[in-house]
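Q: I've got this one open on my screen and I'd like a close look at a single part of it. Could you pick that part and walk me through it in one go?

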Amino acid sequence: MPLALDPVIHQETRLRIVALLAGLGEGAKAEFTWLKEALGLTEGNLSSHLQKLEEAGYVRVEKGFRGKRPKTWVALTPEGRAAYEAYRKALLDLLQGR
């Protein structure tokens, strides 16, 4: 069976986003600004990659308010977590020559 790395996750920036969200733990969500700063991305770049991940069903983007300030939170979906774990396994298999 040929090795298949998920092309949505395989792109470097999206891999970094998904890995960071996965590392926060199941059910955790990150504020957009924190995510942007943690990854060293511009707002536009992060938004673009989040849109692709959201279209794939890998992240959920929630908009709301903290006090009177608009905020955006991002969370890895169960599908996103499963896709990330499958990606990690496929990559490890590739690196180990399986």
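The close look that follows is at helix α3 and its surroundings.

A: Bear in mind that this is a predicted model. A bit of orientation before we zoom in. The chain has five helices and three strands, and if you read along the sequence they come in the pattern α-α-β-α-α-β-β-α. There are 98 residues, 36% of which count as buried. Along its principal axes, the C-alpha trace spans about 55 × 25 × 20 Å. Of the contacts between residues at least 6 apart in sequence, 53% join residues at least 24 apart.

Now to the helix. α3 covers residues 32–39, and it lies across strands β1 and β3, running at about 80° to β1. Which of its residues are buried? They are F32, L35, K36 and L39. Looking down the axis of α3, you'd find these buried residues within an arc of 100°, so they line one face of the helix. Note that a lysine, K36, is on that buried list along with F32, L35 and L39. What do the buried residues pack against? Their partners are helix α2 (12–23), β1, helix α4 and β3. Let's take some of those neighbours in turn.

Start with α4, residues 43–55: its axis is 10 Å from that of α3, and the two helices pack at an angle of about 105°. An angle from 65 to 115 degrees counts as roughly perpendicular, and α3 and α4 are therefore roughly perpendicular to each other. On the α3 side of this contact you have F32, L35 and K36, and they meet E43, L46, S47 and L50 of α4. Sorted by class, the α3–α4 contact is made of four nonpolar, one polar and two charged residues.

The link between these two helices deserves a stop of its own. Just after α3 comes G40, with a positive phi of about 65°. Then there's L41, which sits in the loop between α3 and α4. Is L41 buried or exposed? The cut-off for buried is under 20% relative accessible area, and L41 comes in at 14%, so it counts as buried. Setting aside neighbours within four places in sequence, L41 is in contact with T13, R16, K36 and L46. Two of those names you've met already: K36 and L46 are also in the contact of α3 with α4. As for V18, it is 23 residues from L41 in sequence, and their C-alpha atoms are 14 Å apart.

On to the strands that α3 lies across. β1 and β3 belong to an open sheet of three strands with antiparallel pairing, in the order β1-β3-β2. The edge strands are β1 (29–31) and β2 (59–66), each pairing on one side only. From one strand to the next, the twist averages 30°. Strands of a sheet pair through backbone hydrogen bonds. Here β1 and β3 pair over three bridges, in the antiparallel sense; one you can look up on your screen is K29 with A75 in β3.

On its other pairing, β3 (residues 69–76) goes with β2 over eight bridges, antiparallel again. If you want to trace that ladder, V61 is bridged to V74, E62 has W73 as its partner, and R66 is matched with R69. The hairpin that β2 and β3 form has two residues between the strands, and in it G67 takes a positive phi near 70°. And how enclosed is β3? Six of its eight residues are buried, so it is largely enclosed by the rest of the structure.

One last stop, following the chain out of the sheet: T77 has its place in the loop between β3 and α5 (78–95). With a relative accessible area of 9%, T77 is buried. Not counting residues up to four places away in sequence, T77 touches G57, Y58, V59 and R60. G25 is 52 residues away from T77 along the chain, with 11 Å between their C-alpha atoms.

So, back to the helix: the buried residues of α3 line one face of the helix, and α2, β1, α4 and β3 are what they pack against.

Technical notes. Residues numbered from 1 in each chain as written. Predicted model: local features only at pLDDT ≥ 70, side-chain atom pairs only at ≥ 80, totals over all residues. Heavy atoms only, no water. Pairing = 2+ DSSP bridges. Helix = DSSP H or I, 4+ residues; strand = E, 2+ residues; numbered from the N terminus. Axes fitted to C-alpha atoms, helices over the stretch in contact; angles between N-to-C directions. Contact = heavy atoms within 4.5 Å. Parallel < 35°, antiparallel > 145°, perpendicular 65-115°, else oblique. Nonpolar A, V, L, I, M, F, W, Y, C, P; charged D, E, K, R; others polar. Buried < 20%, exposed > 50% of the residue type's maximum accessible area, 1.4 Å probe, protein only. Arc of directions from axis to C-beta.
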